[in-house]
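User: Could you take a close look at one part of this model for me, the hairpin, and tell me how it sits among the rest?

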Amino acid sequence: MNITMNDSISDIVSGSGGYDIISFVVVAIGIITMVVGIPTNIGLIVAIILSSQLRTLNNFIIANITISGLLQLVTVIPWQFHSFLTGKWLLPDRFCYVTFLLALITVDALVNNMAVLAIYRYFVVVRRRNYILHTKRVVVSMVGAAWLISVVVSSVLIAGFVETEFVPDYGRCVPANRTERSAKIYKLITVGGISKCFIPVIWAYLRIFWEVRRSSRSVNNANSRRTSSDAPSTSQDGTSGSRKTRKLTRREVTITFVCAINFMLFSCCYGPIVIMLAVYDSKGEMVPGGLHKVCTLMYWVGNTLNPLSYAILQRETRKVLFSPICRAFGK
């Protein structure tokens with residue numbers, strides 16, 4: 001092994017931590033990520049496909065986010081997990097290049113589909129009258145464009161590298177930044193690729209919550225007027241207009257809350273590696289190996305937390321996913 005022995009926990013951040021401590025953390029996180037993440041991602045995708053109750057446009061986008069995470073769990077993380085433990089790349093050098101490309105595509109697809117989800121929620125909640133903008137054809141086109149952009153952009157950018165190399169301190173394959181041009185391309189891929197959607201997504205969710213808050217105030221005002229006049233307004237189907245509005249607003253809050261929580265989890269798991277690269281690049285210094293590994297482990301965990309948040313926070317999804325388990329145990 002090419003990792004030195006040291007019992008200081010602080011050395012993990014500096015890249016020279018003891019192999020026993022690092023290996024224990026990597027093994028624990030790696031096993032939990034794959035054992036929990038792969039079945040959870042598959043279960044969520046299958047539930048959305050098979051359950052008519054879950055076959056909505058919102059869940060269609062969520063399924064594509066889940067697919068990108070599942071692809072990363074299956075095609076990238078197992079090899080990184082192995083190289084983290086051994087400090088070596090035992091597979092062919094060409095596969096080192098392939099895993100780096102797959103990592104770029106899957107992460108970029110996840111980011112792009114996160115942006116599609118935020119845009120869709122924006123048009124459903126804020127721009128309700130523009131029905132054409134949140135139809136099935138438009139949503140499918142946006143998701144298709146998200147995947148196409150990920151594949152094309154990642155392939156074009158990685159074509160700028162002559163080769164990749166395995167860095168033992170990072171425990172993963174990275175571009176061989178032997179020229180200033182290749183170094184700039186790598187920074188563009190890592191920092192720009194993940195952060196490009198942060199501002200529009202944050203703006204979309206802030207605008208959505210402002211709209212929901214405004215709608216809630218309108219409902220409260222309508223209820224106050226109805227109470228004072230003792231003459232509730234009814235729609236053609238005999239349902240109170242304020243009651244329908246209140247129900248719609250509650251559903252908007254619930255769905256948007258789940259999507260926003262998922263984006264926050266994504267930001268917490270993927271944000272550190274972007275910040276780390278940006279900070280050390282501004283200093284003109286190399287990222288410490290241990291810190292790079294910690295940030296890599298965090299985005300591993302993100303691929304497990306994302307489907308879990310959707311499965312747990314949405315009542316319909318919980319019912320479809322967990323009811324067979326409850327029936328199996330007689331509950």
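Analyst: Sure, let's start with the vocabulary: helices (H or I, at least four residues) and strands (E, at least two) are DSSP runs, numbered from the N terminus. By that rule, the protein chain has 11 helices and two strands. This is a predicted model, where local features need pLDDT of at least 70, side-chain atom pairs count only at pLDDT 80 or more, and totals for chains, interfaces and linings use all residues. Residues are numbered from 1 along each chain as its sequence is written, and side-chain values use heavy atoms, with hydrogens and water left out.

Reading from the N terminus, the order is α-α-α-α-α-α-β-β-α-α-α-α-α. Now for the hairpin: β1 covers residues 164–167 and β2 covers residues 172–175. They pair in the antiparallel sense over four bridges; two strands count as paired if DSSP finds at least two bridges between them. One of the partnerships links T164 to P175 in β2. Four residues lie between the strands, and G171 in the turn has a positive phi of about 70°.

What about the helical surroundings? Take α5, residues 93–125: its 33 residues reach 49 Å from first C-alpha to last, close to the expected 48 Å. That expected span is 1.5 Å times one less than the number of residues. Since 25 of those 33 residues are buried, α5 is largely enclosed by the rest of the structure. Buried means under 20% relative accessible area, with a 1.4 Å probe and protein chains only. Over the whole protein chain, 46% of the 331 residues are buried.

Methods
Buried < 20%, exposed > 50% of the residue type's maximum accessible area, 1.4 Å probe, protein only.
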